[in-house]
Amino acid sequence: VTIVVPFPAGGTTDVLARHLGKALSEKWSQPVVIENKSGASGTIGSADVARSAPNGYKLLVTATHHIINPTLLKDTIPYDTKAVFSNIALVASVPNVLVVNKNFEAKTVRDLIKMAKEKPGTINFGSAGIGGANHLSGELFAHMAGIKLTHIPYRGAAPSLNDLLAGQIPVMFDSVPGVLAHIQSGSLRALGVTSKQRVPQLEDTPTIAEAGVKDFEAISIFGLYGQKNIPVGVLEQISNDVRNVLQSADIKEKFAALGATPGNLPQPQFDAYVNNEIDKWAEVIQQANITLPK
């Protein structure tokens, strides 16, 4: 069995896939090889899996790009995501958090919304780049809250975080692991987490839905996918085996070190979730008129 990771070795997707591959190798008593095929925002490796034989022996572990790319890269993506992939299992999810500089006036999500309504477009929020999960979290927040924020894209997470800490930008969405130490030190304040439930590392921080934006959710997910026509019996076995190994204490400990929670969705629920997320983010991208720079 080969698991393709469409990003370079060493990143979060790769590390999660290697933990999963090792656990599946032990369960199946056969090698599970991780193959990195990076490039084009994850579409090169994904296309390789889409072209593979539908027997379950070549699988894909990828990040939220799988859900965003159908709209963001609609002119260049070499496949129809819904048509060519089976959505097998949720591998992990990572919540994000809405953070502000320690000196920013808003103390709550409602404060931020009130300020933004009083002065539309004057509050900047940063991100690691156009079209990334944190950028889209901000656009979804603005859309659902009925406000206008101004997006400031950076070339990567580090420079955007540095400017947030320095007060050059007041607001940002980021992964919980990426900003937790700064929240704990008091350099940043957490206004709300983007998941449906509160997160253990920030148990006193409400969800954004609790804090005033009903039904808001914007998490980073890592999923296991395969070629569309994998036989139902094989698909069910892979899905059930993945769910089983993800609940081990060893996997939970290793994922927690990355700020990730192992998935535990039955295959039909994961399938519906992925298709709904593709549609949700398509609406956000179109509403905000997000395009990648040429």
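**Loops, a sheet and a fold, questioned**

Modeller: Asp215 sits in the loop between strand S9 (188–193) and strand S10 (220–227), so let's begin there. Please keep in mind that this is a predicted model.

Colleague: Happy to! What makes the phi of Asp215 worth a remark?

Modeller: Its sign. Most residues other than glycine have a negative phi. Asp215 is not a glycine, yet its phi is positive, at about 70°.

Colleague: And why is Asp215 called exposed?

Modeller: Exposed means a relative accessible area over 50%. Asp215 has 61%, so the word applies.

Colleague: Which sign does the phi of Ser29 have?

Modeller: Positive again: about 55°, although Ser29 is not a glycine. Ser29 belongs to the loop between helix H1 (12–28) and strand S2 (33–36).

Colleague: Is Ser29 buried or exposed, and how do you know?

Modeller: The cut-off for exposed is over 50%; Ser29 has a relative accessible area of 66%, and is therefore exposed.

Colleague: Now Tyr79, which is also in a loop, between helix H3 (65–72) and helix H4 (81–84). Why is Tyr79 called buried?

Modeller: Buried means under 20%. Tyr79 has a relative accessible area of 12%, so it is counted as buried.

Colleague: Which residues is Tyr79 in contact with, leaving aside neighbours within four places in sequence?

Modeller: Gly42, Thr43, Ser46, Ala47, Val84 and Phe85. There is also a C-alpha separation to quote: Tyr79 and Ala50 are 29 residues apart along the chain, and their C-alpha atoms are 7.9 Å from each other.

Colleague: On to the sheet. What is the order of the five strands in the open sheet?

Modeller: S7-S6-S8-S5-S9, with mixed pairing.

Colleague: What makes strand S7 (150–153) and S9 the edge strands?

Modeller: Each of them pairs on one side only. As for the twist, neighbouring strands of this sheet are turned by 30° against each other on average, direction ignored.

Colleague: How do you know that strand S6 (residues 124–127) and S7 count as paired?

Modeller: Pairing needs at least two bridges. S6 and S7 are joined by four, and they run parallel. Ser127, for instance, has Pro153 in S7 as its bridge partner, while Asn124 stands opposite Thr150 in S7.

Colleague: How does the chain get from S6 to S7?

Modeller: Through helix H6 (residues 133–145), in a β-α-β crossover that is right-handed.

Colleague: Which strands does helix H7 (residues 157–166) lie across?

Modeller: Strand S5 (96–101), S6, strand S8 (171–175) and S9; H7 runs at about 40° to S5.

Colleague: Let's step back to the whole protein. How many helices and strands does its secondary structure come to?

Modeller: 11 helices and 11 strands.

Colleague: How do you know whether the radius of gyration agrees with that of a compact globule?

Modeller: By setting one value beside the other. For 294 residues, a compact globule would be near 19 Å, and the protein has 19 Å, so the two agree. The C-alpha trace spans about 60 × 40 × 30 Å along its principal axes.

Colleague: What percentage of the residues is buried?

Modeller: Buried residues are 51% of the 294. The exposed area comes to about 13200 Å², with 50% of it from carbon and sulfur atoms.

Colleague: And what share of the contacts joins residues at least 24 apart?

Modeller: 76%, taken among contacts between residues at least 6 apart in sequence.

Technical notes: Residues are numbered from 1 along each chain as its sequence is written. This is a predicted model: local features need pLDDT of at least 70, side-chain atom pairs count only at pLDDT 80 or more; totals for chains, interfaces and linings use all residues. Side-chain values use heavy atoms; hydrogens and water are left out. Helices (H or I, at least four residues) and strands (E, at least two) are DSSP runs, numbered from the N terminus. Buried means under 20% relative accessible area, exposed over 50%, partly exposed in between (1.4 Å probe, protein chains only). Axes are lines fitted to C-alpha atoms, for helices over the stretch in contact, and angles run from 0 to 180 degrees between N-to-C directions. Contact means heavy atoms within 4.5 Å. A crossover is right-handed if, with the strands pointing away from the viewer, the path from the first strand over the helix to the second runs clockwise. The radius of gyration is taken over C-alpha atoms; the globule rule is 2.2 Å times the number of residues to the power 0.38. Accessible areas come from the Shrake-Rupley method with a 1.4 Å probe; for residues, only the protein chains shown count as cover.
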